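These notebook entries record what I looked up in one structure. I began with the aromatic rings and then turned to the surface.

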Amino acid sequence: MAFVALSNEYCAAVEGASQVADSRTFVATMLRLLPRIYIVASDLAPAPSLDEDAPYLDSYLSEDYYEEACESIRTLLGTDDVYLETFEEDMKYSDTPVAASVAEGLCDIFQELYNFISVVRDAHESQINDALIAVKNDFESFWSQQVVNVLRPLNQLRYNGEDDEYDDEPGNPSADDGGIDLM
């Protein structure tokens with residue numbers, strides 16, 4: 001179950017945000033996990049449910065725990081947490097930009113995956129299949145858009161940050177590492 005392992009890794013990364021030394025590490029981790037989550041969730045093909053009603057995931061994540069995780073990420077990212085969102089429904093009818101939060105986007109995904117992991121942890125095969133159906137349905141209707149929306153500001157932070165805090169990383173051609181000078 002690659003999706004279970006990936007979901008667990010993502011949840012651990014979000015839960016551990018308060019322990020991360022700098023935002024670079026956290027951003028790099030999210031940029032490594034989110035595209036994989038998107039691809040694997042897109043490819044989920046659970047067996048059809050035997051239940052007539054579409055299965056759903058119970059909520060295991062408390063509002064306080066969600067807010068705690070969100071605040072940890074907000075603190076870690078600082079002013080880089082807020083970005084302008086163009087795929088917001090309200091944007092169609094607005095003349096002003098709509099601000100969104102990286103932390104909230106990541107925690108919305110976290111909530112879905114946390115609930116999924118909580119269900120499958122000790123579940124029987126039929127319950128796991130229903131959880132896969134529910135997470136796939138939720139992915140298609142809601143959190144797939146969250147994944148792609150939050151990738152954009154994370155990518156901006158990683159590769160186009162204003163303060164060039166990533167320039168000193170190995171393999172970055174703009175770092176002063178004896179690379180080719182085109183000027």
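Entry 1, a ring cluster. I noted first that Tyr38, Phe139 and Trp143 are linked into a cluster by ring pairs. I worked on a predicted model.

Entry 2, aromatic pairs. I searched the whole structure and found 6 aromatic pairs. One of them joins Phe3 and Phe116, with 5.2 Å from centre to centre and 55 degrees between the planes, and it is tilted. I then looked up where these rings sit: Phe3 is in helix α1 (residues 2-15) and Phe116 is in helix α4 (residues 102-120), so the pair ties together parts that lie 113 residues apart in sequence. I recorded Phe3 and Phe116 as both buried.

Entry 3, Phe139 and Trp143. I asked how the rings of Phe139 and Trp143 are placed. Their centres are 4.8 Å apart and their planes stand at 75 degrees; planes over 60 degrees apart count as edge-to-face, so this pair is edge-to-face. Phe139 and Trp143 are 4 residues apart in helix α5 (residues 125-160), a separation of about one helical turn. Are they buried or exposed? Phe139 has 4% relative accessibility and counts as buried, and Trp143 is buried with a relative accessible area of 0%.

Entry 4, surface patches. I found that Tyr38, Ile39 and Val148 make a nonpolar surface patch of about 250 Å². Ile39 belongs to helix α2 (residues 23-43). I also found a patch of negative charge on the surface, where Glu63, Asp64, Glu67 and Glu68 gather. Glu63 lies in helix α3 (residues 63-77). Its relative accessible area is 63%, and I recorded Glu63 as exposed.

Notes. Residues numbered from 1 in each chain as written. Predicted model: local features only at pLDDT ≥ 70, side-chain atom pairs only at ≥ 80, totals over all residues. Heavy atoms only, no water. Patch = residues over 30% accessible without salt bridge, like charges linked within 9 Å, V, L, I, M, F, W, Y side chains within 5 Å. Areas by Shrake-Rupley, 256 points an atom, 1.4 Å probe, with all protein chains shown as cover. Salt bridge = Lys/Arg side-chain N within 4 Å of Asp/Glu carboxyl O. Lys, Arg positive; Asp, Glu negative; His and termini not counted. Charge placed at Lys NZ, Arg CZ, Asp CG, Glu CD. Helix = DSSP H or I, 4+ residues; strand = E, 2+ residues; numbered from the N terminus. Buried < 20%, exposed > 50% of the residue type's maximum accessible area, 1.4 Å probe, protein only. Phe/Tyr/Trp six-rings, centres within 6.5 Å; stacked < 30°, edge-to-face > 60°.
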